[in-house]
Amino acid sequence: MENSIYPKFTFTWMGGVVLLGGLFVGTMFVSFFNVFWMAVFKENLQLKDWFFMLSNSAGFVTAIAFFDFFIVRPTTKKKLNFNFSSTNFYTYLLIFPLMMGMMLISEFITAQIPVTGPFFGKYYEFFNELMNQLTDDPVVMIITAVILAPIFEEIIFRGIIQKGLINKGVEPWKAILSASVIFGLVHANPWQFVGAVLLGCVLGFVYFKTKSLLLPMLLHGFNNLCSSLLITYTKNESFSEAFKVSEWLLLVIGIILFSLFYYLFMKRYRVHYSEN
């Protein structure tokens, strides 16, 4: 590991502050650019469907860059670098059904969270209005949710936070859970929090076992693609409503899929990857 091209950085509270600082700077830069554009061209870019995609990407890019320049390079003398290598085809046959199973389990649990009442009702209406604004342009939604979000979010939550915690000496399962909980919290609503934590654990587990960020990125994109297609064609993220089947049936299918492919991936598939 001494000659590894991948820096062995750690993640601490200072790293979290640096990530937040980078996110703030990137987002503010885009906001100031919009103010300048309005002053010169009398046009508000925030009304454009692609502006959210630009603002989101700028925040993620600067957050990653800040962590690289202020945390990784000073402590490791190396630049931030990750393993994006592929793996054999059999691995993909195991991890995608594993992810699908957890997606169905997640949907069932999320469906139990109230969407009415004095608190949840108003919050859910606000959440729905926000999601409707993000899905006005299906092309922008697909690019943002299926391509950009999986790349940036996996670099930050799995590549930086989870890996940095493990490098620090945190037990892998605790690092995976911690990164997943943080991943859930940044979604800032209870309906996405549950799914983000559960699916984040699968993404973290796959990353820990394969040591490649490519696989959790592909799984993340697969999950977001399914959600985007459901929203685009059914106006709802529910597999149950889309296919007109019971939530309980999907839960059973999800448990079977997840249990079977977790067993195959964990017990039967004994390939151990390492970063060089």
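## Exercises on Phe 208, two cysteines and a helix pair

Apart from neighbours within four places in sequence, Phe 208 touches Gln 162, Ile 166, Pro 172 and Ile 176, where contact means heavy atoms within 4.5 Å. The model is predicted, so local features need pLDDT of at least 70 and side-chain atom pairs count only at pLDDT 80 or more, while totals for chains, interfaces and linings use all residues. Residues are numbered from 1 along each chain as its sequence is written, and side-chain values use heavy atoms, with hydrogens and water left out.

**Exercise 1.** Determine the place of Phe 208 and its exposure class.

*Solution.* Step 1: Phe 208 lies in helix α7 (residues 190-210); helices are DSSP runs of H or I with at least four residues, numbered from the N terminus. Step 2: the classes of relative accessible area are buried (under 20%), exposed (over 50%) and partly exposed (in between), with a 1.4 Å probe and protein chains only. Step 3: Phe 208 has 32% relative accessibility, and therefore counts as partly exposed. Step 4: the C-alpha atoms of Phe 208 and Tyr 92 are 15 Å apart, with these positions 116 residues apart along the chain.

**Exercise 2.** Explain why Cys 201 and Cys 226 are not bonded to each other.

*Solution.* Step 1: a disulfide is a pair of cysteine sulfur atoms within 2.5 Å. Step 2: the cysteine sulfur closest to that of Cys 201 belongs to Cys 226, and no bond is possible because the distance is 19 Å, which is too far. Step 3: the count by this rule is zero disulfides. Step 4: Cys 201 is partly exposed because its relative accessible area is 23%, whereas Cys 226 counts as buried because its relative accessibility is 14%.

**Exercise 3.** Describe how α5 and α6 pack.

*Solution.* Step 1: two packed helices are described by the angle between their axes and the distance between the axes. Step 2: the axes of α5 (residues 138-168) and α6 (residues 172-185) come within 9 Å and cross at roughly 145°; axes are lines fitted to C-alpha atoms over the stretch in contact, and angles run from 0 to 180 degrees between N-to-C directions. Step 3: the contact involves residues of α5 including Phe 157, Gln 162 and Ile 166, and residues of α6 including Pro 172, Ile 176 and Phe 183. Step 4: the residues of this contact divide into 10 nonpolar, three polar and two charged.

Definitions and conventions
Helices (H or I, at least four residues) and strands (E, at least two) are DSSP runs, numbered from the N terminus. Ala, Val, Leu, Ile, Met, Phe, Trp, Tyr, Cys and Pro count as nonpolar, Asp, Glu, Lys and Arg as charged, and the others, Gly among them, as polar.
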